[in-house]
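Here is a friendly walk through a protein chain, from its overall layout down to individual side-chain contacts. Take a moment to look it over before reading on.

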Amino acid sequence: MSKVYTTEELIQILADERQACLKGERLKIEVTVSGNPLIDQFIRTDGLQKFTAYQDFKAAIHVYQQENQVSGIVWREMTVKGKSLRYPEVDTQLIALTNDLEVIKSAKNSILNFWYEVTAQMDLYLSFNNSKQYQKITVPDVERIAQITEWASFSKWENANFLEMILQMGWGKPEEASYKRGRPKSGSEFIHAVNPGNQPIG
């Protein structure tokens with residue numbers, strides 16, 4: 001029986017392939033920009049060829065994941081204000097299997113409890129227009145969003161003078177949730193917490 005790659009190995013394979021594509025070592029030659037040969041001869045397609053080559057490779061990895069039931073989950077640890085939480089997250093380059101969705105859904109409450117604890121007294125903003133605009137909101141607004149979403153994840157921007165916690169609350173497939181293409185079946189809302197008087201940057 002042939003070896004089945006682990007989640008960590010697939011992440012590394014994808015990272016290596018992405019670098020090869022960016023360096024131009026992998027191109028999808030038949031890519032056209034407009035489909036019109038007269039126009040396409042005047043347009044540089046190397047960037048599109050690199051991108052498409054990687055997207056095709058990534059799609060093949062996703063098929064491999066499903067066929068071999070290789071989880072897309074990685075375990076992260078977040079430490080903020082001396083408090084830590086270990087939580088599951090679907091890697092951004094992989095897909096979530098059905099079991100993975102159950103794991104991240106079951107972690108939602110602990111993520112939200114940690115979020116509420118470390119963001120107490122911080123200003124909250126809902127991002128919209130692809131995170132180009134922000135609207136100030138309150139904890140009850142976050143609670144309402146939490147009631148209609150299935151899972152949560154977060155990240156942070158931090159230095160000596162600044163802290164921003166970004167809470168993603170989503171539904172459906174995580175690999176489609178950050179992009180409008182997944183709506184309405186998959187999607188997410190992003191809440192930004194910053195110290196009073198600061199504005200979100202992430």
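The report below covers the fold, a helix, the sheet, the aromatic contacts and the salt bridges.

## Overall layout

Please keep in mind that this is a predicted model. The chain contains seven helices and seven strands. Going along the sequence, these elements come in the pattern α-α-α-β-β-α-α-β-β-α-β-β-α-β. Of the 202 residues in the chain, 41% are buried.

## Helix α1 and its buried side

Let us start with helix α1, which covers residues 7-22. With 16 residues at 1.5 Å a residue, α1 should span 22 Å, and the 23 Å between its end C-alpha atoms agrees with that.

Which residues of α1 are buried? They are T7, L10, L14, E17, A20 and C21. These residues cover an arc of only 145° around the axis, so they sit on the same side of α1. After the helix comes G24, which has a positive phi, near 85°.

## The five-stranded sheet

Five strands make up an open sheet, and their order is β4-β3-β7-β6-β5 with antiparallel pairing. Strands β4 (133-137) and β5 are at the edges; each has a single partner strand, so one side of each has no neighbour in the sheet. On average, neighbouring strands of this sheet are turned by 25° against each other, with direction ignored.

For a closer look at one pairing, follow strand β3 (residues 123-128), which joins β4 in the antiparallel sense over five bridges. Within this part of the sheet, L124 has I137 of β4 as its bridge partner.

## Aromatic contacts

How many aromatic pairs does the structure hold? There are three. In one of them, the ring centres of Y87 and F154 are 4.8 Å apart and the planes stand at 75°; this angle is over 60 degrees, so the pair is edge-to-face. Y87 belongs to strand β2 (residues 83-90) and F154 to strand β5 (residues 151-159), so this contact ties together parts that are 67 residues apart in sequence. Are these two residues buried or exposed? Y87 has a relative accessible area of 3%, which makes this residue buried, and F154 is buried as well, at 4%.

F154 also pairs with F114: their ring centres are 5.7 Å apart and their planes are at 50°, so this pair is tilted. Here too the contact links distant parts of the chain, with F114 in helix α5 (residues 108-118) and F154 in strand β5, 40 residues apart. Both F114 and F154 are buried. Put together, Y87, F114 and F154 form one aromatic cluster.

## Salt bridges

Turning to charged side chains, the whole structure has eight salt bridges. One of them joins E9 and K3, whose closest N and O atoms are 2.7 Å apart. E9 is partly exposed, with a relative accessibility of 29%, while K3 is exposed at 53%.

Another salt bridge connects the side chains of R76 and D91, at 3.9 Å from N to O. R76 is in strand β1 (residues 73-80) and D91 is in the loop between β2 and α4 (98-106), so the pair ties together parts that are 15 residues apart in sequence. The two partners fall into separate burial classes: R76 is partly exposed, with a relative accessible area of 31%, whereas D91 is buried, with 9%. There is also a network of salt bridges here, linking R76, E89 and D91.

A salt bridge within a helix is found in α6 (residues 139-147). What is its geometry? The closest N and O atoms of D141 and R144 are 2.3 Å apart. Because the two residues are three apart in α6, about one helical turn separates them. D141 is partly exposed, at 22% relative accessibility, and R144 is partly exposed too, with a relative accessible area of 48%.

Methods: Residues are numbered from 1 along each chain as its sequence is written. This is a predicted model: local features need pLDDT of at least 70, side-chain atom pairs count only at pLDDT 80 or more; totals for chains, interfaces and linings use all residues. Side-chain values use heavy atoms; hydrogens and water are left out. Helices (H or I, at least four residues) and strands (E, at least two) are DSSP runs, numbered from the N terminus. The expected span of a helix is 1.5 Å times one less than its number of residues. Buried means under 20% relative accessible area, exposed over 50%, partly exposed in between (1.4 Å probe, protein chains only). The arc is that of the directions from the helix axis to the C-beta atoms. Rings of Phe, Tyr and Trp (its six-membered ring) pair if their centres lie within 6.5 Å; planes under 30 degrees apart count as stacked, over 60 as edge-to-face and the rest as tilted. A salt bridge is a side-chain nitrogen of Lys or Arg within 4 Å of a carboxyl oxygen of Asp or Glu. Two strands pair if DSSP finds at least two bridges between them. Axes are lines fitted to C-alpha atoms, for helices over the stretch in contact, and angles run from 0 to 180 degrees between N-to-C directions.
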